[in-house]
Amino acid sequence: MVGTVRQDPGTGGVDGGVGVTALLVAAARALETHRDDSLARDEYAEHFVRAASASAGWPVRMQQVPDGDANPLWGRFARYFGLRTRVLDDFLLRSVRAGARQVVLFGAGLDSRAYRLDWPEGCVLFELDREGVLGFKHEVLGGLSALPRARRVPVPVDLGGDWAGALTEAGFDATAPTAWLAEGLLFYLPPAAETALIGTVDRLSTGGSALAFEVKLEPDLLEYRDSPLYVATREQIGIDLLDLFDRRERPDSAGNLAGRGWSTSVRTPFDFSRSHGRGPLPEQNDALAGNRWVFADKPAL
Ligand SMILES: C[S@@+](CC[C@H](N)C(=O)[O-])C[C@H]1O[C@@H](n2cnc3c(N)ncnc32)[C@H](O)[C@@H]1O
């Protein structure tokens, strides 16, 4: 067993606290990139993993995982992130092809979509995360001389607080349709912050905007404490996800949006594993059992 990842010292970087989860997803994307049947390719992901002291020794190729796909962390969980990346890539590309030119990524972490995806002319991506995470990302991408394929605007904020002012100051235009994404974020926030975020998205969205987000519906997450996925994540890389999640009762954000006139569709990741022919499927004592991906559209005026 490795030592536990240290608690966040307050800088909000990637080496501790919730910031380290951005590295976990980057490592999963690096592994996915090099699979023969990859669902999403991210050539930047392994550079983030190698650059941070918390993750420098993690695998970035399946050949570096002795038990391969049988490993609950680098096999099934990493594949989950690969699938999620692909499904949400598709959501964003669908939204911009339908006319949105603004994209807001909540808890963007080490998401390199601004550099990877084929954005139409005139798109702007706002990346909201903590200052330390965005700073690390900037350093690594700068070292690679990477060029974004759309205008990219990092917005350092605490998403548990009031972020709308910073987004507006960064140039966000509430009169234009927006594609919003909260991928792997909401369960780290206090319930009231999630409710506020959803309400603010509604307030800042004109007709034709779309939002995708991920939630966990398990009433008691601690019931899954000994699941293979949480145990492997704790023991192999020292991340206790259950300590990082805000485990208080979650709001019904999909219902909240439906009540505000949005059309919503709530899907399980397993739906997409089946349609793509690869990805995680349900199992006993499954830490992914309550995960849902919600897609919401605000009707055009
Ligand atoms: C699991 S990572 C997901 C990153 C990215 N969306 C992806 O899927 O690759 C969660 C991200 O949320 C960010 N985050 C969590 N709580 C936050 C907060 N209160 N304010 C800003 N960012 C936060 C973390 O810094 C981290 O980058």
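This report describes the fold, the ligand shell, two helix contacts and several individual residues of a predicted model.

## Overall architecture

The protein is built from 11 helices and seven strands. Its radius of gyration is 18 Å, close to the 19 Å that the globule rule gives for 301 residues, so the protein is as compact as a globular protein of that length. Measured out along the principal axes, the C-alpha trace covers about 55 × 45 × 40 Å. Of the 301 residues, 46% count as buried. When contacts between residues at least 6 apart in sequence are considered, 74% of them join residues that are at least 24 apart.

## The shell around the ligand

The ligand has 21 residues around it, and those that come nearest are Ala 22, Gly 107, Gly 109, Leu 159 and Gly 184. By class, the shell around the ligand consists of 10 nonpolar, six polar and five charged residues. Helix 1, which covers residues 20–33, gives the most to this shell, with three residues.

## Helix 3 and its two partners

Helix 1 also takes part in a contact with helix 3 (residues 72–97), in which the two axes come within 8 Å and cross at roughly 90 degrees. That angle makes helix 1 roughly perpendicular to helix 3. On the side of helix 1 the contact is made by Val 25, Ala 28, Arg 29, Leu 31 and Glu 32, while helix 3 provides Trp 74, Phe 77, Ala 78, Phe 81, Gly 82 and Thr 85. Sorted by class, the residues of this contact are seven nonpolar, two polar and two charged.

Helix 3 has a further contact with helix 11 (residues 269–276), where the axes come within 10 Å and cross at roughly 85 degrees. Here, too, the angle makes helix 3 roughly perpendicular to helix 11. The residues that meet are Tyr 80, Leu 83, Arg 84 and Val 87 in helix 3 and Pro 269, Phe 272, Ser 273 and His 276 in helix 11. The classes in this contact are five nonpolar, two polar and one charged.

Phe 270 also has its place in helix 11. The C-alpha atom of Phe 270 is separated by 9.3 Å from that of Tyr 80, although the two residues lie 190 residues apart along the chain. Once neighbours within four places in sequence are left aside, Phe 270 is in contact with Pro 280, Leu 281 and Pro 282.

## Two loop residues with positive phi

Most residues other than glycine have a negative phi. Ser 145, which is not a glycine, nevertheless has a positive phi of about 50 degrees, and this residue is placed in the loop between helix 5 (131–143) and strand 3 (151–156). Asn 285 is likewise not a glycine and has a positive phi of about 45 degrees, its place being in the loop between helix 11 and strand 7 (291–297).

## Two residues of strand 7

Ala 296 is found in strand 7. Apart from neighbours within four places in sequence, Ala 296 is in contact with Ala 210, Leu 211, Leu 257, Trp 262, Ser 263 and Thr 264. Ser 253 lies 43 residues from Ala 296 in sequence, and the two are 10 Å apart in space, C-alpha to C-alpha.

Asn 291 is found in strand 7 as well. Not counting residues up to four places away in sequence, Asn 291 touches Glu 214, Lys 216 and Pro 269, and Pro 269 is one of the residues through which helix 11 meets helix 3. Asn 291 and Ala 164, which are 127 residues apart in sequence, have C-alpha atoms 27 Å apart in space.

## Burial of the residues discussed

The table gathers the burial of the individual residues described above, with the number of other C-beta atoms within 10 Å of each.

| Residue | Other C-beta atoms within 10 Å | Burial |
|---|---|---|
| Phe 270 | 18 C-beta atoms | partly exposed |
| Ser 145 | 6 C-beta atoms | exposed |
| Asn 285 | 14 C-beta atoms | partly exposed |
| Ala 296 | 25 C-beta atoms | buried |
| Asn 291 | 21 C-beta atoms | buried |

A residue counts as buried when 20 or more other C-beta atoms lie within 10 Å of its own, so Asn 291, with 21 such atoms, is classed as buried.

Conventions: Residues numbered from 1 in each chain as written. Predicted model: local features only at pLDDT ≥ 70, side-chain atom pairs only at ≥ 80, totals over all residues. Near = placed C-beta within 6 Å. Helix = DSSP H or I, 4+ residues; strand = E, 2+ residues; numbered from the N terminus. Nonpolar A, V, L, I, M, F, W, Y, C, P; charged D, E, K, R; others polar. Rg over C-alpha atoms; globule rule 2.2 N^0.38 Å. Buried ≥ 20, exposed ≤ 12 C-beta atoms within 10 Å, placed from the backbone. Contact = placed C-beta atoms within 7 Å. Axes fitted to C-alpha atoms, helices over the stretch in contact; angles between N-to-C directions. Parallel < 35°, antiparallel > 145°, perpendicular 65-115°, else oblique.
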